[in-house]
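Here's a quick briefing to read alongside the model. Have the coordinates open in your viewer and click through as you go.

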Amino acid sequence: MEIKTARINPEATERSVFDRIGGVGRAPLNSNKIICKFWLNGRCLKKPCRFAHCESETPVLAADHRPRKSPYYHPSRNTLVSNHTWRRAPRNSENVKEKVVDKSFGNLTKKSSHLEKKSPEKVVDKSSENLPGKSSDLEKKLPENGPKFAEKVAEKSSDTAPENDSNLENVVEEKSLEHVPKKAPERVCEFWVQGNCVHGDQCPYLHSWFRGDKFSMLAQLQGHKKAVNGIALPQGSNKLYSGSSDGTVRLWDCHTGKCANVINLGGEVGSVCSEGPWVFVGMPNVVKVWNTESGAEYSLNGPVGQVNALTAVKDLLFAGIEDGVILAWKGTNETNVTFQVAATLKGHTRGVTSLVVGGKRLYSGSMDHTIRVWDHENLQCIMTLNGHDDVVKSLMCWNQYLLSCSLDCTLKVWATTEEGSLEVIYTHSEEHGILALCGMTDLDTKPILCCSCDDNSVHLYELPSFTDRGRLFAKQEVHTLQIGPGGLFFTGDRTGLLTVWNWLAEAMPKTSQA
């Protein structure tokens, strides 16, 4: 058999490889001087390749390899600076001015002049009108002719605006990421809760049930099997009362933290409150009453459905029921103490969720998204407030103001106008729905607002500026907040855990607490 071998002409050049495709009499494929980009990078595997594998005096990249024009890139609006970061080029406009509004709502009775007239010089650039935190957002939250909310308005102007894009590098100050402050982690490490986190101090999540100073966790009282819906500390008693959805009321010794007694009621406890030595517990279709001094026990019939809210002032007891009715009982101080129905307050179309008494008025929040104001003397509805877009979960009176929170993620501050009505003067927003409010003072007599959210945390703010003072964390949502004597306050979450907290005179060193 004859064996044929291929011979290679040593005088042949690399160019002859490309000429081979065209054949005799045809122009070589690389006559347009298009260079293969893969060959330039040393990665071309095609032999023969339809692009040139040699340098050219006027190299031209293949059309497929040319950079495409991005529809999102506007040379007149953007500039690439030296650190390869896209920055917005300056507009050819006058200096931009913006407002910085103080959040304090201290002087609420004075009229505001800057809300009535808007000067075009103080309007922020249109590209930032809808950004959160700008003055336009705060102005929308305030009533047009409402009382003065902001005390200080400072104007900031830019006096050295660059004329063109070429000067942008001289204006933009480039900072490395090392100088950007890191946001404190706002979640408790799940592995730390289980006791098996291996990251230690390098863990990005919290290894503590709270963040902040001047307060600490004192004790955790475990016993309830379901959510804690009410906490009460009656006057003259050394027992703390807590009611739960598991149908029990537990009595805790204030000195030892031990459970001293368990009362099985046979029905879900919806609310708990106290007035003097009296303890009131709201249940389906009944309100249980105990006198901690005499040991007397009473049952108040009349409610139809679960009693979601209770509040007592002097000789009057108010109960908010899930059918939208508010029942009022009046107690007598005769030889045999009795409670008689004083009035039935109707107006809400859905269940009542919160009750609070402030001055000569009773305020009620409901699942119908409204707040009703009742005269404390004649028990008649004098006003209906429509400001929330979801269930009103909690109400609180602070000085001459009414605070309300809702599942619509807002907390509203209401103040009385000259005409006697109530209007919103400030709206505070959270990322999650707000479940409960509680007001107290720290050991420096500074007013503190506790705001429980449905992200398993309680936010602490200093009033009236809403300055962040810290945060408490729980395994599930905290539905109950209650203050106690001597700087104590309590939280009850949906797991049935009751936690005791304590305000401190000095800042406590940050240590992990299980």
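Strands here are DSSP runs of E at least two residues long, and they are numbered, like the helices, from the N terminus. With that in hand, a loop such as the one between β31 (457–462) and β32 (467–473), home to P464, is easy to find. Keep in mind that this is a predicted model.

**The overall picture**

- The protein's secondary structure comes to five helices and 35 strands.
- Of its 514 residues, 42% count as buried.
- If you look at contacts between residues at least 6 apart in sequence, 45% of them join residues at least 24 apart.
- The accessible surface adds up to about 30100 Å², and carbon and sulfur atoms own 48% of that.

**Backbone oddities**

- As background, most residues other than glycine have a negative phi, and most peptide bonds are trans.
- The peptide bond between L463 and P464 is cis, with omega at about 5°.
- H369 isn't a glycine, yet its phi is positive, at about 75°. You'll find H369 in the loop between β22 (361–366) and β23 (370–375), and it counts as partly exposed because its relative accessibility is 28%.
- T445 is another non-glycine with a positive phi, about 60° in this case. T445 sits in the loop between β29 (434–441) and β30 (447–453), and its relative accessible area is 63%, so it is exposed.
- K314 also takes a positive phi, near 55°, in the hairpin of β17 and β18, where two residues lie between the strands.

**Strands and sheets**

- Strand β17 (residues 307–313) is mostly covered, with five of its seven residues buried.
- β17 runs antiparallel to β18 (residues 316–321), and six bridges join the two. Within that pairing, L310 of β17 stands opposite A319 in β18.
- Elsewhere, four strands make an open sheet in the order β9-β10-β11-β12, with antiparallel pairing. β9 (228–232) and β12 (259–264) are the edge strands; each has a single partner, so one side of each has no neighbour in the sheet. From one strand to the next, the twist averages 20°.
- At one end of that sheet, β9 and β10 (residues 239–244) run antiparallel and are joined by four bridges. G230 has G243 in β10 as its bridge partner.

**Nonpolar cores**

- In soluble globular proteins, nonpolar side chains tend to be buried together.
- The largest nonpolar core here has 24 residues, and L460 and L472 have the most contacts inside it. β8 (215–221), β29, β30, β31, β32, β33 (478–483) and β35 (498–503) each supply at least two residues. β29 gives the most to this core, with three.
- Which residues does L472 touch, not counting those up to four places away in sequence? The list is W209, F210, F215, N456, S457, V458, L460, F489, T491 and W501.
- Apart from that core lies another, of 18 residues, with C405, L411, A415 and I425 among them.

**Aromatic pairs**

- The count comes to 13 aromatic pairs.
- How are the rings of W278 and F339 arranged, stacked or edge-to-face? Their centres are 5.5 Å apart and their planes stand at 90°, so the pair is edge-to-face, the cut-off for that label being over 60 degrees.
- W278 belongs to strand β14 (residues 278–283) and F339 to strand β20 (residues 339–345), so this pair ties together parts 61 residues apart in sequence. W278 counts as buried at 17% relative accessibility, and so does F339 at 19%.
- Y461 and F466 make a tilted pair, 5.7 Å centre to centre with 55° between the planes. Y461 is buried, with a relative accessible area of 7%, and F466 is buried as well, at 5%.
- F210, F215, F489, W501 and W503 form one aromatic cluster.

**A buried cysteine**

- C49 has its place in the loop between α2 (37–40) and β2 (60–61). At 5% relative accessibility, C49 counts as buried.
- C49 and W39 are 10 residues apart along the chain, and 9.4 Å separates their C-alpha atoms.

How values were computed. Residues are numbered from 1 along each chain as its sequence is written. This is a predicted model: local features need pLDDT of at least 70, side-chain atom pairs count only at pLDDT 80 or more; totals for chains, interfaces and linings use all residues. Side-chain values use heavy atoms; hydrogens and water are left out. Buried means under 20% relative accessible area, exposed over 50%, partly exposed in between (1.4 Å probe, protein chains only). Two strands pair if DSSP finds at least two bridges between them. Axes are lines fitted to C-alpha atoms, for helices over the stretch in contact, and angles run from 0 to 180 degrees between N-to-C directions. A nonpolar core is a set of buried Ala, Val, Leu, Ile, Met, Phe, Trp, Tyr and Cys residues joined through side-chain atoms within 4.5 Å. Contact means heavy atoms within 4.5 Å. Accessible areas come from the Shrake-Rupley method with a 1.4 Å probe; for residues, only the protein chains shown count as cover. Rings of Phe, Tyr and Trp (its six-membered ring) pair if their centres lie within 6.5 Å; planes under 30 degrees apart count as stacked, over 60 as edge-to-face and the rest as tilted.
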